[in-house]
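Work through these exercises with the sequence and the model open. Try each task before you read its solution.

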Amino acid sequence: MKVSFLGLGTMGYPMAGHVSRAGHEVVVYNRTLQKAQLWLQDYQGRLSKTPAEAAQQSDIVLTCVGNDDDLRQLYLSDQGALHGAKPGTLFVDHTTASAEVARELALAVQAKGCCFIDAPVSGGQAGAENGVLTVMIGGDQDAIDRALPVLECFSKACTRMGDVGAGQLAKMVNQILVGGVLTGLSEGIRFAEKAGLDIPTLVETLKHGAAGSWQLENRGETMAQDKFDFGFAIEWMCKDLGIALEQAQKMGLKLPYTEVIDQDYRALVGQGYGRCDTSVLIKALDNK
């Protein structure tokens with residue numbers, strides 16, 4: 001397929017690489033030109049200098065940027081992707097953003113005679129690099145079926161959650177759960193250290209029982225070792241939890257535990273931990 005990938009950040013860079021290595025014709029665009037040029041040294045593809053130019057050359061356009069405002073700029077500006085797209089182009093957005101912006105972009109895309117699905121991912125930098133991301137999708141099944149040959153290049157699971165926006169809502173749930181699991185894991189690890197338990201033995205034992213989780217298995221030991229360099233920075237987690245809390249407020253729902261977790265992450269950013277991964281939440285216990 002002819003594929004454009006717009007946004008070569010921590011996640012987009014390896015995701016676009018998997019698409020290229022699978023044999024698709026890939027055109028890349030990145031706001032920082034140097035990053036796109038670096039990608040071309042690692043993978044086969046072509047470079048476009050504007051989103052509009054990139055979209056013009058492709059049947060499927062994948063986007064992965066920072067937030068709602070970045071998406072509006074990428075799609076709707078004078079040189080935005082939508083202005084270069086031909087009718088029938090399929091847009092797939094992997095950004096973690098609001099459900100509202102997904103629906104807004106879907107309407108704009110449909111008015112152009114194109115298709116749109118929101119498809120945020122979970123699995124972090126390691127999942128992107130290893131091609132085993134989980135993709136949560138909002139949109140029509142026909143559009144999803146068109147996208148699957150490309151999405152499967154970097155994922156282990158692609159699931160339709162509902163109409164456009166549902167993918168983003170599912171990603172909000174994902175981030176709420178990650179924060180909650182890490183809170184319990186942080187207290188558990190500190191308890192175990194104080195009790196004199198051997199952390200590797202504890203993790204190996206508990207991962208097979210009811211307390212088992214991906215976070216325990218992959219981050220339990222490293223949290224005890226003060227290692228927090230595993231890709232997904234808490235600066236981005238603050239953004240994601242902020243989106244979830246705003247959505248909850250719109251639905252008239254209180255998320256008191258998530259509010260505390262969000263405050264802890266924001267405090268850690270203020271202490272200089274902003275580029276550490278989400279498991280640095282254990283450091284919040286030092287302030288309590």
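**Exercise 1. Register between two strands**

Which residue is the bridge partner of T63 in β5?

Solution. Note that this is a predicted model.
Step 1. Find strand β4, residues 60–63, and strand β5, residues 90–93. The two pair in the parallel sense over four bridges.
Step 2. Read off the partner: T63 is bridged to D93 in β5.
Step 3. Add a second pair. L62 stands opposite V92 in β5.

**Exercise 2. The other neighbour of β5**

State which strand β6 (residues 115–118) is joined to, and trace the chain between the two.

Solution.
Step 1. Four bridges join β5 to β6, and these strands run parallel.
Step 2. Fix the register with one pair: L90 stands opposite C115 in β6.
Step 3. Follow the chain. From β5 it passes through helix α6, residues 99–111, and then reaches β6.
Step 4. Assign the hand. This β-α-β crossover is right-handed.

**Exercise 3. Faces of β4 and β5**

Sort the residues of β4 and β5 by face, and decide whether they are buried or exposed.

Solution.
Step 1. Recall the rule. In a regular strand the side chains alternate between the two faces of the sheet.
Step 2. Apply it to β4. I60 and L62 lie on one side, V61 and T63 on the other.
Step 3. Apply it to β5. L90 and V92 lie on one side, F91 and D93 on the other.
Step 4. Check burial. The four listed residues of β4 are all buried. The four of β5 are all buried too. Both faces of β4 are covered, and so are both faces of β5.

**Exercise 4. A close look at V61**

Classify V61 by burial and list what it touches.

Solution.
Step 1. Place the residue. V61 is in strand β4.
Step 2. Classify it. V61 counts as buried because its relative accessibility is 0%, and the cut-off is under 20%.
Step 3. List the contacts, leaving out residues up to four places away in sequence. V61 touches S4, L6, A55, T89, L90, F91 and V92.
Step 4. Check a distance. V61 and H94 are 33 residues apart along the chain, and their C-alpha atoms are separated by 11 Å.

**Exercise 5. From β1 to β3**

Give the pairings of strand β1 (residues 2–6) and strand β2 (residues 25–29), then the β-α-β units.

Solution.
Step 1. Pair β1 with β4: parallel, over four bridges. The bridge partner of V3 in β4 is I60.
Step 2. Pair β1 with β2: parallel, over five bridges. S4 has V27 as its bridge partner in β2.
Step 3. Pair β2 with strand β3, residues 46–47: parallel, over two bridges. V27 stands opposite R46 in β3.
Step 4. Name the units. β1, helix α1 (residues 12–21) and β2 make a right-handed β-α-β unit. β2, helix α2 (residues 33–42) and β3 make a right-handed one as well.
Step 5. Judge the surroundings of β2. Four of its five residues are buried, so β2 is largely enclosed by the rest of the structure.

**Exercise 6. Two loop residues**

Decide whether N30 and D226 are buried or partly exposed.

Solution.
Step 1. N30 is in the loop between β2 and α2. N30 counts as buried because its relative accessibility is 13%.
Step 2. N30 touches G7, L8, G9, K35 and A36, not counting residues up to four places away in sequence. Its C-alpha atom is separated from that of L6 by 6.0 Å, although the two residues are 24 apart along the chain.
Step 3. D226 is in the loop between α11 (214–224) and α12. D226 is partly exposed, because its relative accessible area is 43%.
Step 4. Check the backbone. Most residues other than glycine have a negative phi. Phi of D226 is positive, near 60 degrees.

**Exercise 7. A helix pair**

Describe how helix α9 (residues 166–195) and helix α12 (residues 234–250) meet.

Solution.
Step 1. Give the geometry. The axes come within 9 Å and cross at roughly 115 degrees. The crossing of α9 and α12 is left-handed.
Step 2. List the contact. α9 gives L169, K171, M172, Q175, I176, V178 and G179. α12 gives M237, D240, L241, I243, A244 and Q247.
Step 3. Sort by class. The contact of α9 with α12 has eight nonpolar, three polar and two charged residues.

How values were computed. Residues are numbered from 1 along each chain as its sequence is written. This is a predicted model: local features need pLDDT of at least 70, side-chain atom pairs count only at pLDDT 80 or more; totals for chains, interfaces and linings use all residues. Side-chain values use heavy atoms; hydrogens and water are left out. Axes are lines fitted to C-alpha atoms, for helices over the stretch in contact, and angles run from 0 to 180 degrees between N-to-C directions. A crossing is left-handed if the near helix is turned anticlockwise from the far one by less than a right angle, and right-handed if clockwise. Contact means heavy atoms within 4.5 Å. Ala, Val, Leu, Ile, Met, Phe, Trp, Tyr, Cys and Pro count as nonpolar, Asp, Glu, Lys and Arg as charged, and the others, Gly among them, as polar. Buried means under 20% relative accessible area, exposed over 50%, partly exposed in between (1.4 Å probe, protein chains only). Two strands pair if DSSP finds at least two bridges between them. A crossover is right-handed if, with the strands pointing away from the viewer, the path from the first strand over the helix to the second runs clockwise.
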